[in-house]
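Visitor: Please take one helix of this chain and go through it closely. I would like to know what its buried side faces.

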Amino acid sequence: MSQNPKNERKMNSEISVTEVNKANQLQQEAKLEDAIAVYRGLTEKLYQQLGKVLSQQKNWDEAIATYRSALELNPEAYESHHQLGEAIYQRVMENPETFF
């Protein structure tokens with residue numbers, strides 16, 4: 001039985017204590033490149049979550065900057081591209097004269 005893609009994306013975007021513990025353990029084991037990769041993935045997820053909260057507050061400028069930070073860590077992140085586009089759209093729609 002295949003899983004719903006929306007649910008799968010949601011699970012993939014959640015931060016887990018297990019991931020943080022894994023990154024910490026890799027660092028302690030001096031597997032620094034692996035630790036960095038895990039920390040970057042966690043940081044990207046945190047930026048996505050922060051961007052969502054900022055968007056809920058309609059703080060579009062900060063949400064846009066936050067999604068851009070997520071994309072610097074992972075330029076191929078579909079969700080970050082989508083959310084960035086949505087934040088830009090909302091920002092323009094609410095106050096078009098100050099955007100350009």
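Guide: Contact here means heavy atoms within 4.5 Å. The model is a predicted one. On that footing, the buried residues of α4 pack against α3 (32–56) and α5, and α4 is the helix to follow.

First, the setting. The chain has 6 helices and 0 strands, in the order α-α-α-α-α-α along the sequence. Of its 100 residues, 27% count as buried. Among contacts with a separation of 6 or more, 41% are between residues 24 or more positions apart.

Next, the helix itself. α4 has 14 residues, which at 1.5 Å a residue should span 20 Å; its end C-alpha atoms are 20 Å apart, so the two values agree. The buried residues in α4 are Trp60, Ala63, Ile64, Thr66, Tyr67, Ala70 and Leu71. Because they cover an arc of only 165 degrees around the axis, these residues lie on the same side of α4.

That side leads to the largest nonpolar core, which has 9 residues: Leu54, Trp60, Ala63, Ile64, Tyr67, Leu71, Ala77, Leu84 and Ala87. Two elements, α4 (60–73) and α5 (78–94), each give two or more residues to this core. The largest share, 5 residues, comes from α4. In soluble globular proteins, nonpolar side chains tend to be buried together.

Tyr67 shows the packing at the level of one residue. Leaving aside its neighbours within four places in sequence, Tyr67 is in contact with Gln48, Gly51, Lys52, Ser55, Ser80, Gln83, Leu84 and Ala87. Of these partners, Leu84 and Ala87 are also listed in the largest core. Apart from that core lies another, of 5 residues, including Ala23, Leu26, Val38 and Leu42.

A polar pair also involves α5. Arg91 is placed in that helix. With a relative accessible area of 13%, Arg91 falls under the 20% limit and therefore counts as buried. Its side chain is joined to the side chain of Asp61 by a polar contact of 2.8 Å.

As for the outside, the accessible surface of the chain comes to about 7200 Å², and 52% of that belongs to carbon and sulfur atoms.

To return to your request: the buried residues of α4 are on the same side of the helix, and they pack against α3 and α5.

Note on methods:
Residues numbered from 1 in each chain as written. Predicted model: local features only at pLDDT ≥ 70, side-chain atom pairs only at ≥ 80, totals over all residues. Heavy atoms only, no water. Helix = DSSP H or I, 4+ residues; strand = E, 2+ residues; numbered from the N terminus. Buried < 20%, exposed > 50% of the residue type's maximum accessible area, 1.4 Å probe, protein only. Areas by Shrake-Rupley, 256 points an atom, 1.4 Å probe, with all protein chains shown as cover. Core = buried A, V, L, I, M, F, W, Y, C linked by side-chain atoms within 4.5 Å. Expected span 1.5 Å × (residues − 1). Arc of directions from axis to C-beta. Polar contact = N/O pair within 3.5 Å; in protein donor to acceptor, adjacent residues only side chain to side chain.
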